[in-house]
Every structure is written in C-alpha cells, then in structure tokens.
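User: Please take a close look at one helix in this protein and at what surrounds it. Keep it brisk, and connect the pieces.

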Amino acid sequence: MDKIFFNGMAFYAYHGVFPEENRLGQRFLVDLELGLHFQAAAETDDLRQTVNYAEVYEAVQAEVEGNTYALLETLAERIADRLLTGFPVEEVQVRVTKPDPPIPGYYQSVGVEIQRRQPR
C-alpha cells in the first residue's frame with residue numbers, strides 16, 4: 001500500500017468540553033496518512049489516478065472549522081469518515097492535536113490518533 005502524508009495542518013476551531021473552548025476557540029493540528037495504490041498515477045503522471053491534495057485539505061478544513069464537537073475522538077472519527085467516503089483511499093490514519101488545552105499542568109500537547117479502513 002502506498003501512503004500520502006499531510007503533516008501539521010493548522011486550524012482554528014471551537015471543539016472542547018469546556019464552555020470557554022466553544023466560545024473562544026483554539027488551534028488544532030491535524031496529521032494524516034492516506035493509504036491507497038497510486039502506482040498508476042506515478043507511471044502516467046495523471047492526477048485522476050490518485051487524490052488531489054488540495055481537495056483533501058479542503059475536506060479536513062471543512063470538518064474541523066465547520067463543526068463543533070466536545071471530543072477530539074469525535075472530530076478524528078468524522079475526519080476519517082469524510083476521507084474514506086469522499087476519496088479513493090483504502091485506509092486513513094488521523095491524528096488530532098490540541099496544543100493549548102485549558103488543562104492545568106505542564107505538557108506539550110494532547111491529542112488522539114485513529115486508524116480506519118474501508119469496509120471489505
């Protein structure tokens with residue numbers, strides 16, 4: 001299986017369980033790994049044989065910025081579902097990171113990571 005990566009996509013959105021997160025918003029980082037077969041695209045240099053990176057970015061942006069969820073788990077699941085249903089990919093790995101959550105203590109970030117596949 002071939003892989004396409006998106007690293008460090010940054011968005012401003014309103015996800016979280018605390019009211020101030022839904023009101024003030026914060027940064028979210030999204031990393032993706034898309035599993036598909038793109039040898040035909042490489043051999044023919046034809047974008048139609050793979051996925052359009054700009055369209056993937058726009059789909060992720062629409063999900064992150066166009067909705068509000070309490071849980072990062074829900075956001076990651078919705079991103080994975082949108083990519084699996086909207087693009088010719090067989091599997092996706094989605095990592096959503098919240099760099100500045102309103103949690104007391106010292107840490108670099110919190111986040112979730114999921115991997116989903118097309119049903120067989």
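Analyst: What follows is a walk from the whole protein to helix 4, and then to the largest pocket.

The model is a predicted one. The protein has 4 helices and 4 strands. Read from the N terminus, the order is β-α-β-α-α-α-β-β. Along the principal axes, the C-alpha atoms fill a box of roughly 50 × 25 × 25 Å. Of the 120 residues, 38% count as buried. Take the contacts between residues at least 6 apart in sequence: 61% of them join residues at least 24 apart.

Now helix 4. It covers residues 72–86, which makes 15 residues. Does its length or its end-to-end distance raise a question: what span should it have at 1.5 Å a residue? The expected value is 21 Å. The end C-alpha atoms lie 21 Å apart, so expectation and model agree.

Which residues of helix 4 are buried? They are Leu 72, Leu 75, Ala 76, Ile 79, Ala 80, Leu 83 and Leu 84. These residues take up an arc of only 160 degrees around the axis, and therefore sit on the same side of helix 4. The background is simple. An α-helix has 3.6 residues a turn, so residues three or four places apart point the same way.

What covers that buried set? The cover includes strand 2 (26–36) and helix 3 (53–66). Strand 3 (91–98) and strand 4 (110–117) are also part of it.

Arg 78 gives a contrast within helix 4. Its relative accessible area is 39%, so Arg 78 counts as partly exposed. The band for that class runs between 20% and 50%. Setting aside neighbours within four places in sequence, Arg 78 is in contact with Glu 63 and Tyr 69. Asn 67 is 11 residues from Arg 78 in sequence, and their C-alpha atoms are 9.9 Å apart.

Next, the largest pocket. It holds about 170 Å³ of space. Its lining counts 15 residues, and those closest to the centre are Val 17, Glu 21, Ala 70, Leu 72 and Lys 98. Leu 72 ties the pocket to the helix: it is one of the buried residues of helix 4. Helix 4 and strand 4 are the elements that give two or more residues to the lining. Strand 4 gives the most, with 3 residues. By class, the lining has 10 nonpolar, 2 polar and 3 charged residues.

Val 17 deserves its own stop. Where does Val 17 sit? Its place is the loop between strand 1 (2–13) and helix 1 (19–24). Is Val 17 buried or exposed? Its relative accessibility is 53%, so Val 17 counts as exposed. The cut-off for exposed is over 50%. Beyond neighbours within four places in sequence, Val 17 is in contact with Ala 70 and Leu 71. Val 17 and Ala 70 are 53 residues apart along the chain, yet their C-alpha atoms are separated by 4.7 Å. Both residues are among those closest to the pocket centre.

One last detail concerns another loop. Asp 45 is found between helix 2 (39–44) and helix 3. Asp 45 is not a glycine, but has a positive phi of about 60 degrees. With a relative accessible area of 73%, Asp 45 is exposed.

To close on helix 4: its buried residues share one side, and helix 4 also contributes to the lining of the largest pocket.

Technical notes
Residues are numbered from 1 along each chain as its sequence is written. This is a predicted model: local features need pLDDT of at least 70, side-chain atom pairs count only at pLDDT 80 or more; totals for chains, interfaces and linings use all residues. Side-chain values use heavy atoms; hydrogens and water are left out. The expected span of a helix is 1.5 Å times one less than its number of residues. Buried means under 20% relative accessible area, exposed over 50%, partly exposed in between (1.4 Å probe, protein chains only). The arc is that of the directions from the helix axis to the C-beta atoms. Contact means heavy atoms within 4.5 Å. On a 1 Å grid over the protein atoms alone, a cavity is a set of points where a 1.4 Å probe fits but cannot get out, and a pocket is an open set with protein on both sides within 12 Å along at least five of seven lines; lining residues have an atom within 4 Å of a point. Grid points are joined across faces, edges and corners, and a volume is the space filled by probe spheres set on the points. Ala, Val, Leu, Ile, Met, Phe, Trp, Tyr, Cys and Pro count as nonpolar, Asp, Glu, Lys and Arg as charged, and the others, Gly among them, as polar.
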